[in-house]
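Here are some short exercises to work through with the structure open beside you. Try each task before you read its solution.

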Amino acid sequence: MTIEHVRFRSGDVHCAADLYLPQEADGPVPGVVMGHSVHMVKEALAPGAAYLVQAGFAVLAIDYRTIGASEGRPRGQVFPHRYVDDVRNAITCLQGRPEVDAARIGLWGHSLGATVAIQAAAIDRRVGCVVCQNPSMFNGWRAMEKARGRAGVQGLLDVVDQDLRQRYETGCGMRMPLLGTGDPHIVDYLELAKEVFPTFDDEVEAESLAQILLWTPEAFLERVAPRPLLLVTGREDLTHDIDEVLAAYDRAREPKRLEILPYDERGLSVEPGLGRAMSLAAEWFRRHLIEAEPFVPSPPASEVRAKGLRPEFAPQ
C-alpha cells in the first residue's frame, strides 16, 4: 500500500486528503471516498482504509473544510451541507487519478459522515454504492432534543443567538466544545485523539449548532436508491441512536442491508469490531462496484438498424 497526501478544491478553499493505493494492481481499481465523523480527522480513517486497500480498492480519506489539515476559516465550522460538497469534490478528485476506475466509485462515512454520504449519494449519480458506519444525525433537531431534552435545545438556541450578536458586532464568533458530555468513556477517547492526531481539535464555532439543527438528511434516504446502501451499527451504541438507524433503514429503499454488531459506540473503531465492520464494507463494495453488471445505455436507432438489433432489421 502506498499513501499520498493530496489537496483538492472545494468551494473557495482546498481540502486535504490521504490517497491510499494498492501496491500492485492490474489496471485501474474501484475507488472509495471516506468521510470522518463530526469532530475527527482523516488520519483516524487510516486503519479502515487499510482494510479496503487490501481488498483491492483505492481510498481517498478526506478532511472536511475548516477541519484537520483542510483550509477554511474560521476553524471548526461544522456545516454538514458544505461537507456534502466536499465529498462530491473528492469524488471528482478521485476520478481524475489514472489508478482509479472513474466509473466505479463508492462512499463510506462514519457518524455524521455517514449521513453526509447519504445526502451526497442522493444527488450525485457518480456514486455506485454507500456504506454507513455508526450513522448519526438523520435529523439534527430531533437528535439534539433526544440527547439534551427540549430545555437543552432551547439552551443551545440561546448560544446561537448570543453568537450571532457577537459575530455581528465584532466579526468573530464564539467557540465551544462540540461534545459537551460528562461521559468519562467519551472524554477518554477525546483525550486519546488529541494525543494521537496533531490536527484534531474538539472545539468548534458556536454557529455550527444552528447548521446541525437544520441538518435533515433523512429527507434524502429514499433518493439513494437504486444505489445499494449498507448500514452498520453497534447494538449497545448510546451515542449513535440505534432507533434512528432502524427507522432510517425502514425508510430507505432496496437494495439495502442492515448489520447490527455486538459493540458500543466506540467498538467499531477498534479491534475486533473494526475488522468486522470493515470486512462487511469491503464485501459490499466488492459486490456492487466490482461484481455488479455495468450499466449499458441503449444504442441509437441507426445502430439498431445497422446491427439488426431488432427482428425487423435482422438479415434475411
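**Before you start.** This is a predicted model, in which local features need pLDDT of at least 70, side-chain atom pairs count only at pLDDT 80 or more, and totals for chains, interfaces and linings use all residues. Residues are numbered from 1 along each chain as its sequence is written, and side-chain values use heavy atoms, with hydrogens and water left out.

**Exercise 1.** Find residues 33–138 and describe the span.

*Solution.* Start with the ends: the end C-alpha atoms of residues 33–138 lie 20 Å apart. Next, look at the make-up, which is 35% helix and 25% strand. Here helices (H or I, at least four residues) and strands (E, at least two) are DSSP runs, numbered from the N terminus. Finally, check the record: an unreviewed UniProt entry lists residues 33–138 as "domain: Serine aminopeptidase S33". Such annotations may be inferred rather than shown by experiment.

**Exercise 2.** Work out why helix 3 is largely enclosed by the rest of the structure.

*Solution.* First, locate helix 3 at residues 112–123. Then count: eleven of its twelve residues are buried (under 20% relative accessible area, 1.4 Å probe, protein chains only), so helix 3 is largely enclosed. Now look around it: the buried residues pack against several elements, including helix 2 (80–95), strand 5 (100–110) and strand 6 (127–133), with contact meaning heavy atoms within 4.5 Å.

Last, turn to the largest nonpolar core, a set of buried Ala, Val, Leu, Ile, Met, Phe, Trp, Tyr and Cys residues joined through side-chain atoms within 4.5 Å. This core has 55 residues, and L60 and V87 are among those touching the most other members. Helix 3 gives the most to this core, with seven residues.

**Exercise 3.** Compare the spans of helix 3 and helix 4 with what is expected at 1.5 Å a residue.

*Solution.* The expected span is 1.5 Å times one less than the number of residues. Helix 3 reaches 17 Å from its first C-alpha to its last, close to the expected 16 Å. Helix 4 (residues 140–170) spans only 28 Å, whereas a straight helix of 31 residues would span 45 Å. Now look along helix 4 for a bend: there is a kink of about 110°, centred on R148. The bend is the angle between axes fitted to the seven residues ending at a residue and the seven starting there.

**Exercise 4.** What does helix 4 pack against?

*Solution.* Begin with its buried residues, which include M144, L156 and V160. The buried residues of helix 4 pack against helix 6 (208–213). Then step just past the end of helix 4, where G171 takes a positive phi of about 85°.

Technical notes:
Buried < 20%, exposed > 50% of the residue type's maximum accessible area, 1.4 Å probe, protein only.
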